[in-house]
Amino acid sequence: MNQSIGSATYSLPKRLANMGLTLVVVAVLSATKSYAASATWRLSPTNGDWNTAANWMPHTVPNGSTDTATFSVSNVTDISLSAKTTLDGIVYEPGASAFAIDVSAPRKLTFVGAGIANNSGIVQNFATNVENMDSSGVISFTNSATAGSMTVFTNNASPQQFEDGGVTKFSGNASAGSALFINNGAPPEVSLSGGRTEFHDNSTAANGVFINNPNAFAGGFMEFFDSANAGNGTFTCFGGMENAAGGSTVFFNAYSSAANGTFVTYGPTAAGGVAGSVVFNDRTTADHGTFTAYGGTVSPEGGGEIIFFNSSTAAAGTFMIEGSSVSGAQGGELEFGNNSTAGSSTIIINGGEGAGGECSFADDSDGGAARMEIFGNGILTVITDTPPFPLGSIEGDGLISTSRTLEIGGNNLSTVFSGVIQSFGNSPVWKVGSGTLTLAGANAYGAGTVVMSGGLTITNTVGSGTGPGPVEVDGGTLAGSGIIAGTVTIGTGSGAGAFLAPAAGGNRPATLTIQSALTFKADGTYTYQLNTKRARADQIVANGVTIESGAQFSFVAVANKRLTPATIFTAISNTSANPISGTFANLPDGSTFTVGRNTFQVSYSGGDGNGLTLTVVP
């Protein structure tokens, strides 16, 4: 070989010349291999096989952790993998064709970098399928990869018996972006499970939309593991399509979270089918998610289901449990079992054409500080091993059925419940918290009522607002214009103070009717309100009255109008034949006191001879 430098020519040894040629070839090949890590799908490829180099420009297959596959306009848009493939990402250029990429078992498409960037302006499709018994087709997003936007991932069930369906997986800090995911159910008696989507580690569903379809055997489903979360995703779970057909499900496992997701479940569309559901296991949380379980549409089946197991929590979620839309069908269901809790959630249980929605608690589960709203023929059922059973608050006009003591008021809200509380067994109601609970219906729990703090207002017009049992006001205030069947005791004798105040701070005086005996303990106070403008005042009607030493009488005047002398106000109407036993410590019998422009004289033998009256005197 001759080498020319300038005008001179030199003759090199043959071995050195060959070595030089080899170095040049290696350098060129190395440069070509590095450049070929990324490639663009050709306008006219030879076929739809991803793993054929001739289909790309340059002629190399994107299959490496730093590789990017680019798609623009092409005559072949149905693409399938013939080997496992790893990418940094896929880029769809503006104006690109609509592509469909199929990943069938045992192939796997893994994104380890950027993920998918869809700039085409149109939807791009991906699908996972199963072709044999060995494994599922898998699309995997790891690290911080994203599924992008305007992308659709369809995970299909296996066409073969007892085989898992296709799957899209997220791990690390990967994100579902704002993609659409469709998990299809399994055909009759064919597949072990439908297609699925999984989230692991700290991955997130982000703003994705997830549709979990049923089929004649098993529904499509989703699973969250580790500390993965549902982001702001939207999730729909449909019920089974025929007898014994499985519904679709979203499962939360380990420490995963529903975050701010929106979840909707439906009942089966055929008799004997299984409901769509969302299931919380382990130490998972509903976080701030919004959940709706629609009622049944087919008699005698129920609606969608939301279920909490183990130590999971409804946290600050909002749950709407709907009644059925047809006669004979059951409503949607919200179920708590094991050691799960309703947390600080808001649970709305609505009535229906057939049965209403239902929320039930069993095992060692508890209601936490949840806000319970029960309407129509909706029902809250408590059959637990948790005494007492806490509930943040109750409201509405539905039914509460309990086998345990209900401790109501922990969230400090003031609410009105005009429905019915019924119990089986020794199941009283305890009022706690700083809010006021108003019972406006005729209740049927039989073990009594204890007011520990806050207010309990009774406004029923028939029956007994507190059932047939006794009422003890250990702290807080008993008020209202309703009817109480059992005995009433104000104070404990040594507590911080308890009050009986029919008007409860309102401007309208009220009459509270007690069909049994009334007792004021030493720390009890009767707060009595008189409206001087209307000449109307509070009144208590009781069948026997005992006032223990130390009990107080608190007079509250509304307005400051001069009343007509000789006007008599009955503060306590004692329907018993026996006189009132005792007097209030600050209200001696026969004494007078002045409030504003009016002076009153006290009598414990007024009215029909044994009531407490206040007579206006000059």
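**View 1. Glu-548 and Lys-521 shake hands in a salt bridge.** In this predicted model, the side chains of Glu-548 and Lys-521 meet with 3.2 Å from N to O. The pair links distant parts of the chain, with the two residues 27 apart. Glu-548 sits in the loop between strand S49 (545-547) and strand S50 (552-558), while Lys-521 sits in the loop between strand S45 (518-520) and strand S46 (524-531). Glu-548 is partly exposed, at 29% relative accessibility, and Lys-521 is partly exposed too, at 24%.

**View 2. Arg-371, Glu-373 and Glu-395 team up in one network.** Salt bridges with shared partners join these three residues. Zoom in on Arg-371 and Glu-373, and you'll find their side chains meeting at 3.3 Å, N to O. Arg-371 is partly exposed, with a relative accessible area of 30%, whereas Glu-373 is buried at 13%.

**View 3. Glu-198 and Arg-196 form a salt bridge.** Here the N to O distance is 2.7 Å. Are these two buried or exposed? Glu-198 has 7% relative accessibility, so it counts as buried. Arg-196 counts as buried as well, at 10%.

**View 4. Strands S52 and S53 make a hairpin.** S52 (residues 592-595) and S53 (residues 598-606) run antiparallel, joined by four bridges. One partnership to look for is Phe-593 with Phe-600 in S53. Two residues lie between the strands, and Gly-596 in the turn has a positive phi of about 65°.

**View 5. Arg-597 belongs to a positive surface patch.** Arg-597 lies in the loop between S52 and S53 and is partly exposed, at 43% relative accessible area. The patch also includes Arg-508, Lys-533, Arg-534, Arg-536, Lys-561 and Arg-562.

Methods:
Residues numbered from 1 in each chain as written. Predicted model: local features only at pLDDT ≥ 70, side-chain atom pairs only at ≥ 80, totals over all residues. Heavy atoms only, no water. Pairing = 2+ DSSP bridges. Patch = residues over 30% accessible without salt bridge, like charges linked within 9 Å, V, L, I, M, F, W, Y side chains within 5 Å. Areas by Shrake-Rupley, 256 points an atom, 1.4 Å probe, with all protein chains shown as cover. Salt bridge = Lys/Arg side-chain N within 4 Å of Asp/Glu carboxyl O. Lys, Arg positive; Asp, Glu negative; His and termini not counted. Charge placed at Lys NZ, Arg CZ, Asp CG, Glu CD. Buried < 20%, exposed > 50% of the residue type's maximum accessible area, 1.4 Å probe, protein only.
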